[in-house]
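Could you walk me through this structure in the viewer, one selection at a time? I am new to it and would like to know what to click next and what is there.

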Amino acid sequence: MSLDLSGRTVVVTGAARGIGRSIADRLAAAGAKVVLWGRRQSAVAEAALDRGGGGVILQNASIAAGGVDGPYTHYSASKAGLLAVMRSMAVELAPFGIRVNAVSPGYTRTQMTTQNVTTEQAVSMSTSFARVPLRRLVEPSEVADAFVFLASDAASAITGTNLVVDGGLTANLYIMETLA
Ligand SMILES: NC(=O)c1ccc[n+]([C@@H]2O[C@H](COP(=O)([O-])OP(=O)(O)OC[C@H]3O[C@@H](n4cnc5c(N)ncnc54)[C@H](OP(=O)(O)O)[C@@H]3O)[C@@H](O)[C@H]2O)c1
């Protein structure tokens, strides 16, 4: 299975920090030419997909697309909508050899997560996250690895898919534990 991305050009949006930055690092390590796109970048570059050679479009969705956690209607709706867009794009762009997929992270160790919890909660999420079967936060590099896989030829037949990277959170209904 080859995850070599040599000769590929990849645009990463939101690349200044967090998951986007980790994705850019991992793609570069896999040999891709990475174009960083962010509002704090001093220069904005353009890259065009070679229509003849196909391409890959990957979207960063969220487990929030499939469930509710707090008063974030706008966030859940936008992520669910993003998955619908992803599936439509996958179907419409398939004739051009372009694959379209999404990655849905669970709770990941970035500023977005840490700025919304207390220090105690942050420690708990890192060490004993009861709600998550793997009992910890997801690392940005682990989300990035899913992007590298989907961008590579190892995923050449995969399009229209949402790859969940959540430490098992959404597989766990967490009902029995709450009865104790
Ligand atoms: N962290 C999680 O637990 C988690 C879970 C599921 C999904 N996600 C998704 O993963 C993606 C990245 O999240 P993250 O955790 O890496 O967040 P983060 O650490 O807060 O980084 C967010 C990135 O997005 C950029 N950004 C924010 N608002 C923007 C805007 N209006 N226009 C352009 N760029 C903007 C930021 O740019 P600046 O540096 O310029 O501010 C930054 O580079 C998001 O789509 C999020 O919904 C995250």
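Start by selecting E1, H1 and E2, which together make a right-handed β-α-β unit. You are looking at a predicted model, so keep that in mind as you go along.

**Stop 1: strand E1**

Show the side chains of E1, residues 9–13. They alternate along the strand: Val10 and Val12 point to one face and are buried, whereas Thr9, Val11 and Thr13 point to the other face and are not buried. Now bring back E2, residues 33–37. E1 and E2 pair in the parallel sense, over 5 bridges. To see the pairing up close, pick Val10 and look across to E2, where Val34 stands opposite.

**Stop 2: helix H1 and Arg26**

Next, select Arg26, which lies in helix H1. Is Arg26 buried or exposed? Arg26 is buried, because 25 other C-beta atoms lie within 10 Å and 20 or more are enough to count as buried. Apart from its neighbours within four places in sequence, Arg26 is in contact with Ser141, Ala144, Asp145, Phe147 and Val148. For a distance to try in the viewer, pick the C-alpha atoms of Arg26 and Ala155: they are separated by 16 Å, and the two residues are 129 apart along the chain.

**Stop 3: a second unit**

Hide what you have and select E3, H2 and E4, which make another right-handed β-α-β unit. E3 covers residues 55–60 and E4 covers residues 98–105. These two strands pair in the parallel sense over 6 bridges, and one bridge joins Leu58 to Asn101 in E4. Why is E4 described as largely enclosed by the rest of the structure? The reason is that 7 of its 8 residues are buried.

While H2 is on screen, click on Val85, which is found in this helix of residues 73–93. Val85 counts as partly exposed because it has 14 C-beta neighbours inside 10 Å. Add Gly160 to the selection: Val85 and Gly160 are 75 residues apart in sequence, and their C-alpha atoms are 9.6 Å apart in space.

**Stop 4: Val103 and strand E5**

Stay with E4 and add E5, residues 162–165. E4 and E5 pair in the parallel sense over 4 bridges, and Val103 stands opposite Leu163 in E5. Setting aside neighbours within four places in sequence, Val103 is in contact with Leu58, Asn60, Ala61, Val143, Ala146, Phe147, Leu150, Leu163 and Val165.

**Stop 5: the largest nonpolar core**

In soluble globular proteins, nonpolar side chains tend to be buried together. Here the largest nonpolar core has 34 residues. Colour Val12, Leu27, Val103, Phe147, Leu150 and Ala151, the residues with the most contacts inside this core. E1, H1, E2, E3, E4, H5 and E5 each supply at least two of the core residues. Which element gives the most? H5 does, with 7 residues; select 140–151 to bring up this helix.

**Stop 6: around the ligand**

Now centre the view on the ligand, which is surrounded by 18 residues. The closest are Gly14, Gly18, Ile19, Ser62 and Thr110. Helix H1 (18–29) and helix H3 (111–114) are the elements that give two or more residues to this shell. How do the shell residues divide by type? There are 5 nonpolar, 10 polar and 3 charged.

**Stop 7: two loop residues**

Finish with the loops. Arg135 is found in the loop between helix H4 (119–127) and H5. Its phi is near 60°, a positive value in a residue other than glycine. Arg135 is partly exposed, with 14 other C-beta atoms within 10 Å.

Then move to Tyr174, in the loop between E5 and helix H6 (176–179). The phi of Tyr174 is likewise near 60°, again a positive value in a residue other than glycine. Tyr174 is exposed, with 11 other C-beta atoms within 10 Å. As a last selection, add Val132: Tyr174 and Val132 are 42 residues apart in sequence and 9.1 Å apart in space, from C-alpha to C-alpha.

Definitions and conventions:
Residues numbered from 1 in each chain as written. Predicted model: local features only at pLDDT ≥ 70, side-chain atom pairs only at ≥ 80, totals over all residues. Near = placed C-beta within 6 Å. Nonpolar A, V, L, I, M, F, W, Y, C, P; charged D, E, K, R; others polar. Core = buried A, V, L, I, M, F, W, Y, C linked by C-beta atoms within 7 Å. Buried ≥ 20, exposed ≤ 12 C-beta atoms within 10 Å, placed from the backbone. Contact = placed C-beta atoms within 7 Å. Pairing = 2+ DSSP bridges. Right-handed = clockwise from strand over helix to strand, strands pointing away.
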